[in-house]
Amino acid sequence: ADAQRRQIIESKNEIDSLVYSTQKSLDEHGEKVGEDVKAEVEKAITEAKEVSDSDDLDTIKAKLEALNQASLKIGQAVYGQQGGEAGAESGEEKKDDDTTVDAEFKEKDDKEEKEEKK
């Protein structure tokens, strides 16, 4: 009973911190995220807040996972846009850079250097 109670408390703490960080991410990047993603994240946050008062571990974990997935979508939307912009810029710069040459080399050790100096 104590172990289960501990799991419930830990899950509640985890869901509270995830609600906070997800809400913060949504506030920071809300304009970069599509309306459908924004609505889904807000719904997941609301459901997570409702279930944080519950003592049903399975329900808490299910809502925690749903909120986690919604939170990942914020990151995908934000970094997907940045990645697309950066990819387009770097692609234009790399067009002329096909002159890379592979070369073999031999490292000199101290003995060889001393012999050459004699």
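In the predicted model, the buried residues of helix α2 are Val37, Val41, Ala44, Ile45, Ala48 and Val51. These residues cover an arc of only 135 degrees around the axis, which puts them on the same side of α2. An α-helix has 3.6 residues a turn, so residues three or four places apart point the same way. The face of α2 turned away from this buried side carries the exposed residues Glu35, Asp36, Lys43 and Glu50. The span of the helix was also examined: at 1.5 Å a residue, the 17 residues of α2 should span 24 Å, and the end C-alpha atoms of α2 are indeed 24 Å apart, which agrees.

Helix α2 belongs to a protein chain that has 4 helices and 0 strands, the elements running α-α-α-α from the N terminus on. Of the 118 residues of the chain, 21% count as buried, and the chain exposes about 9,300 Å², of which carbon and sulfur atoms supply 46%. Among contacts between residues at least 6 apart in sequence, 72% join residues at least 24 apart.

The interior was then considered. In soluble globular proteins, nonpolar side chains tend to be buried together. In this model, the largest nonpolar core has 19 residues, and those with the most contacts inside this core are Ile15, Val41, Leu67 and Ile74. The elements that give two or more residues to the core are α1 (2–29), α2 (35–51) and α3 (57–93), with α3 giving the most, namely 7 residues. Val41, which is one of the buried residues of α2 and one of the residues with the most contacts inside the core, touches Thr22, Leu26, Ala70 and Ile74 when residues up to four places away in sequence are not counted.

A second group of contacts involves isoleucine 60, which has its place in helix α3 and, at 0% relative accessibility, counts as buried. Leaving aside residues up to four places away in sequence, isoleucine 60 touches Ile8, Ser11, Lys12, Ile15, Val51 and Ser54; of these, Val51 is among the buried residues of α2, and Ile15 is among the residues with the most contacts inside the largest nonpolar core. Isoleucine 60 and lysine 49 are 11 residues apart in sequence, and their C-alpha atoms are 9.8 Å apart in space. Serine 11, found in helix α1, likewise counts as buried, at 5% relative accessibility. With residues up to four places away in sequence again not counted, serine 11 touches Leu57 and Lys61 as well as Ile60.

Charged side chains were examined next, and the count comes to 6 salt bridges. Arginine 5 forms a salt bridge with aspartate 55, the closest N and O atoms being 3.6 Å apart. Because arginine 5 lies in helix α1 and aspartate 55 in the loop between α2 and α3, this pair ties together parts that are 50 residues apart in sequence. Both partners are partly exposed, arginine 5 with a relative accessible area of 43% and aspartate 55 at 48% relative accessibility. Aspartate 55 also forms a salt bridge with lysine 12, for which the closest N and O atoms are 3.0 Å apart. Lysine 12 lies in helix α1, so this second pair ties the loop between α2 and α3 to a part of the chain 43 residues apart in sequence. In contrast to the partly exposed aspartate 55, lysine 12 counts as buried, at 17% relative accessibility, and lysine 12 is also among the residues touched by isoleucine 60. Arg5, Lys12 and Asp55 are thus linked in a network of salt bridges.

A further salt bridge joins lysine 73 and glutamate 40, whose closest N and O atoms are 2.9 Å apart. Lysine 73 lies in helix α3 and glutamate 40 in helix α2, so the pair ties together parts that are 33 residues apart in sequence. Lysine 73 is partly exposed, with a relative accessible area of 32%, and glutamate 40 is also partly exposed, with a relative accessible area of 36%.

How values were computed:
Residues are numbered from 1 along each chain as its sequence is written. This is a predicted model: local features need pLDDT of at least 70, side-chain atom pairs count only at pLDDT 80 or more; totals for chains, interfaces and linings use all residues. Side-chain values use heavy atoms; hydrogens and water are left out. Buried means under 20% relative accessible area, exposed over 50%, partly exposed in between (1.4 Å probe, protein chains only). Contact means heavy atoms within 4.5 Å. Accessible areas come from the Shrake-Rupley method with a 1.4 Å probe; for residues, only the protein chains shown count as cover. A nonpolar core is a set of buried Ala, Val, Leu, Ile, Met, Phe, Trp, Tyr and Cys residues joined through side-chain atoms within 4.5 Å. A salt bridge is a side-chain nitrogen of Lys or Arg within 4 Å of a carboxyl oxygen of Asp or Glu. The expected span of a helix is 1.5 Å times one less than its number of residues. The arc is that of the directions from the helix axis to the C-beta atoms.
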